[in-house]
Amino acid sequence: MTLLLDIINGINKFLGFLDISPKYSNRGYTLLSTIPTIYILRIIYGLWLNQNYLQLVLYSLVFIGLVYFFVLNFFYYFLDKNLKGDVTQLFVKYLPDDAFNIQNEKSIKAKKVFEQAKEVPVNFNEDYQLKLVENIQALIDGQEITTRDLTREEGFLIEENTLYPYYYVKEAAPETYLLQIGRNYRDLETIGTIHQVEPLRPVGLFIVGGDFVKDGVRYHEPYRLKFLAKTEEAATRTRRSKK
């Protein structure tokens with residue numbers, strides 16, 4: 001059993017080190033869950049042979065629970081479907097909002113980031129929004145950008161302050177930078193130019209706009225990008241902290 005836990009822990013650390021999208025990392029964790037499930041099945045078989053029925057029932061319940069959650073995760077992460085018998089939806093429905101503080105933590109972190117950053121003007125190419133729409137749709141289809149179910153709740157399809165996953169700022173000349181985006185880091189295309197005298201310290205490229213629902217009516221705003229960089233004050237604090 002100790003060896004099994006060491007193997008699982010090692011694989012878990014390996015997946016954590018990989019810089020891959022949540023979609024594929026969650027698929028990896030789902031497949032990883034088959035290891036303890038099969039091990040529990042082996043224990044159940046041994047208890048059956050030894051006629052230890054009390055422990056057999058207890059381990060069988062554990063096995064059923066593991067299989068149940070494996071099936072839920074498989075349909076969700078591999079087939080992009082929610083099963084009707086998903087008990088986790090009951091937790092979301094009946095537990096208080098503060099029981100799930102993930103969104104609150106994200107909001108606090110985003111607030112801290114934005115307090116130390118400023119929006120940098122970008123001279124975008126005339127047709128950059130056409131390329132942006134194509135890229136965003138491809139990233140949504142690949143589940144690399146999460147979306148809100150607008151049939152169930154109001155708000156923007158893409159959550160506010162969502163980071164565009166694949167971008168690069170390239171220094172083309174003194175005080176001149178090229179902003180590039182793509183569907184991955186292999187097909188980056190230049191969509192605009194940034195002119196700035198002081199050194200540019202990027203914080204992130206964020207998606208703004210898109211489809212949204214308000215008062216039951218669905219609207220559309222053109223997608224656009226908001227580029228943030230560290231303020232000079234924040235950069236100075238960072239240099240001091242490193243010293």
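Which strand pairs with S8 in the antiparallel sense over two bridges, and which residues does that strand cover? It is strand S4, made up of residues 162-163. Strands here are DSSP runs of E with at least two residues, helices are runs of H or I with at least four, and both are numbered from the N terminus. Two strands count as paired if DSSP finds at least two bridges between them. The model is a predicted one, where local features need pLDDT of at least 70, side-chain atom pairs count only at pLDDT 80 or more, and totals for chains, interfaces and linings use all residues. Residues are numbered from 1 along each chain as its sequence is written, and side-chain values use heavy atoms, with hydrogens and water left out.

Back to S8, then. Within the S4 pairing, Thr-162 sits opposite Ile-207 of S8. Strand S3 (residues 155-156) also runs antiparallel to S8 (residues 202-214), joined by two bridges, and here Gly-155 has Val-213 as its bridge partner. S8 pairs with strand S9 (residues 217-230) too, again antiparallel, through 11 bridges. Along that pairing, Ile-207 is matched with Leu-225, while Phe-206 faces Lys-226 across the bridge. S8 and S9 make a hairpin with two residues between them, and Asp-215 in the turn has a positive phi of about 55°. S9 has a further antiparallel partner in strand S1 (residues 117-119), with three bridges between the two; Glu-119 of S1 stands opposite Leu-228.

A second set of strands forms an open sheet of four, in the order S2-S7-S6-S5 and with antiparallel pairing. Its edges are S2 (123-124) and S5 (167-173), each of which pairs on one side only. At the S5 end, S5 and S6 (residues 176-181) are held in antiparallel register by six bridges. Lys-170 is partnered with Leu-178, and Ala-173 with Thr-176. These two strands also form a hairpin with two residues between them, and Glu-175 in the turn has a positive phi of about 70°.

Now for the helices. H3 (residues 34-49) packs against H4 (residues 53-78) at an angle of about 155°, with the axes 9 Å apart. Axes are lines fitted to C-alpha atoms, for helices over the stretch in contact, and angles run from 0 to 180 degrees between N-to-C directions. The two helices are therefore roughly antiparallel, a label for angles over 145 degrees, with under 35 counted as roughly parallel, 65 to 115 as roughly perpendicular and the rest as oblique. Their crossing is left-handed, meaning the near helix is turned anticlockwise from the far one by less than a right angle (clockwise would be right-handed).

Residues of H3 that meet H4 include Ile-40, Ile-44 and Trp-48, and those on the H4 side include Tyr-59, Phe-63 and Phe-70; contact means heavy atoms within 4.5 Å. By class, this contact has 14 nonpolar, four polar and no charged residues. Nonpolar covers Ala, Val, Leu, Ile, Met, Phe, Trp, Tyr, Cys and Pro, charged covers Asp, Glu, Lys and Arg, and the others, Gly among them, are polar. H4 has 26 residues and should span 38 Å at 1.5 Å a residue, which agrees with the 36 Å between its end C-alpha atoms; the expected span is 1.5 Å times one less than the number of residues. After H4 comes Asp-80, with a positive phi near 55°.
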